[in-house]
Amino acid sequence: MGTLYVVGTPIGNLDDMTFRGVQTLNGVDFICAEDTRVTAKLLAHFDIKKPLVSYHEHNAHEVGDRITDRLIAGENAAIVTDAGMPCISDPGELLVKLCAQRGIDVKVVPAATAAMSAIAISGLETSNFIFVGFLSVNKRVRQATLANVKDRHETLIFYEAPHKLLNTLQDLLRFLGDRRISVCRELTKLHEETIRICLSQAVELYTENKPKGEFVLVVEGAKDKDLDNTDTIEIALEKVKSLVQNGMRAADACREIAKVSSFSKGDLYSAYLEDDTDE
């Protein structure tokens with residue numbers, strides 16, 4: 001039986017490719033790539049000549065079985081993503097799960113990740129953090145995620161594309177309040193930039209300036225004085241109302257707050273309806 005190697009690639013600067021990474025890609029029978037065009041450039045740079053298999057979110061379920069069949073038959077493979085570590089906000093996660101289910105050995109060849117690189121230079125707390133990744137484009141799911149992390153002490157890490165950056169910053173400000181943020185752009189690339197400001201300043205900055213490049217947002221965790229105590233139904237109900245005011249359906253808001261309070265969805269919904277009637 002063969003082995004799947006999870007191989008990290010540079011997040012921008014090709015000089016960050018590890019010697020072991022090059023050795024591993026040279027030694028496998030084939031390479032699974034998120035975008036074969038991007039990976040072909042990487043392989044050409046290091047003079048690696050190996051067959052590429054397209055593996056991405058749209059074909060993962062279909063192609064995954066064929067890849068694992070080849071591994072079971074004795075071939076070795078590597079999986080790479082366009083930049084950074086595969087399986088982190090990446091469909092490679094599905095292939096590793098499938099290998100685990102089928103008893104296929106998986107080994108890691110680590111490299112830089114944008115999240116770890118960003119928090120290292122953020123100037124914020126690094127001992128405890130939560131990696132959120134990309135927020136969902138689904139409004140209800142997006143709001144629920146922000147509601148769930150709102151009161152966490154840990155530093156929060158988000159990924160974002162330039163065309164969605166301003167909307168995300170506005171949502172973060174609305175849900176989390178005006179906290180400190182480190183906006184990391186184009187890490188390890190020619191135009192690398194890290195801006196350490198507050199969320200309100202970030203919203204103003206990117207309202208006036210069109211965002212360019214890929215972003216990692218490192219946001220300060222909640223402070224004790226900012227935390228809401230949800231031990232009373234009244235305060236939990238205020239959280240429900242806040243989500244409703246931001247566009248979430250009352251039933252969905254009650255479900256999300258129930259997850260972070262001692263009250264059930266039914267209790268919160270009854271209290272919401274009663275309060276709404278009183279008004």
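**Close-up 1. Helices α6 and α10 make a right-handed crossing.** The model shown here is predicted. Helix α6 covers residues 139–149, and helix α10 covers residues 250–259. Their axes come within 10 Å and cross at roughly 30°. Angles under 35 degrees count as roughly parallel, so α6 and α10 are roughly parallel to each other. On the α6 side, the contact is made by R140, A144 and N148. On the α10 side, D252, R255, E256 and K259 take part. By class, 5 residues of this contact are charged, 1 is polar and 1 is nonpolar.

**Close-up 2. Helix α9 packs on α10 at an angle of about 135°.** Helix α9 spans residues 233–245. The axes of α9 and α10 lie 9 Å apart. Because of their angle, the two helices are classed as oblique to each other. The crossing of α9 and α10 is right-handed. From α9 come A236, K239, V240, L243 and V244. They meet A250, A253, C254, E256 and I257 in α10. The contact of α9 with α10 has 8 nonpolar and 2 charged residues, with no polar ones. E256 of α10 appears here and also in the contact with α6.

**Close-up 3. Helices α3 and α4 pack at an angle of about 45°.** Helix α3 runs over residues 60–72, and α4 over residues 92–101. Their axes are 10 Å apart. The angle makes α3 and α4 oblique to each other, therefore not roughly parallel. The crossing is right-handed. A60, H61, G64, D65, I67, T68 and L71 of α3 make the contact with L94, L95, L98 and C99 of α4. The contact of α3 with α4 holds 7 nonpolar residues, 3 polar residues and 1 charged residue.

**Close-up 4. The largest pocket holds about 1,100 Å³ of space.** Its lining has 37 residues. Nearest the centre of the pocket lie E34, T81, D82, A83 and F134. By class, 17 lining residues are nonpolar, 11 are charged and 9 are polar.

**Close-up 5. Helices and strands both supply the lining of the largest pocket.** Helix α2 (36–45) gives the most, with 4 residues. Helix α4 supplies at least two residues of the lining. Strands β7 (155–160) and β10 (215–219) also supply at least two each. Helix α4 thus links two views: α4 packs with α3, and α4 contributes to the lining of the largest pocket.

Conventions:
Residues are numbered from 1 along each chain as its sequence is written. This is a predicted model: local features need pLDDT of at least 70, side-chain atom pairs count only at pLDDT 80 or more; totals for chains, interfaces and linings use all residues. Side-chain values use heavy atoms; hydrogens and water are left out. On a 1 Å grid over the protein atoms alone, a cavity is a set of points where a 1.4 Å probe fits but cannot get out, and a pocket is an open set with protein on both sides within 12 Å along at least five of seven lines; lining residues have an atom within 4 Å of a point. Grid points are joined across faces, edges and corners, and a volume is the space filled by probe spheres set on the points. Ala, Val, Leu, Ile, Met, Phe, Trp, Tyr, Cys and Pro count as nonpolar, Asp, Glu, Lys and Arg as charged, and the others, Gly among them, as polar. Axes are lines fitted to C-alpha atoms, for helices over the stretch in contact, and angles run from 0 to 180 degrees between N-to-C directions. Angles under 35 degrees count as roughly parallel, over 145 as roughly antiparallel, 65 to 115 as roughly perpendicular and the rest as oblique. A crossing is left-handed if the near helix is turned anticlockwise from the far one by less than a right angle, and right-handed if clockwise. Contact means heavy atoms within 4.5 Å.
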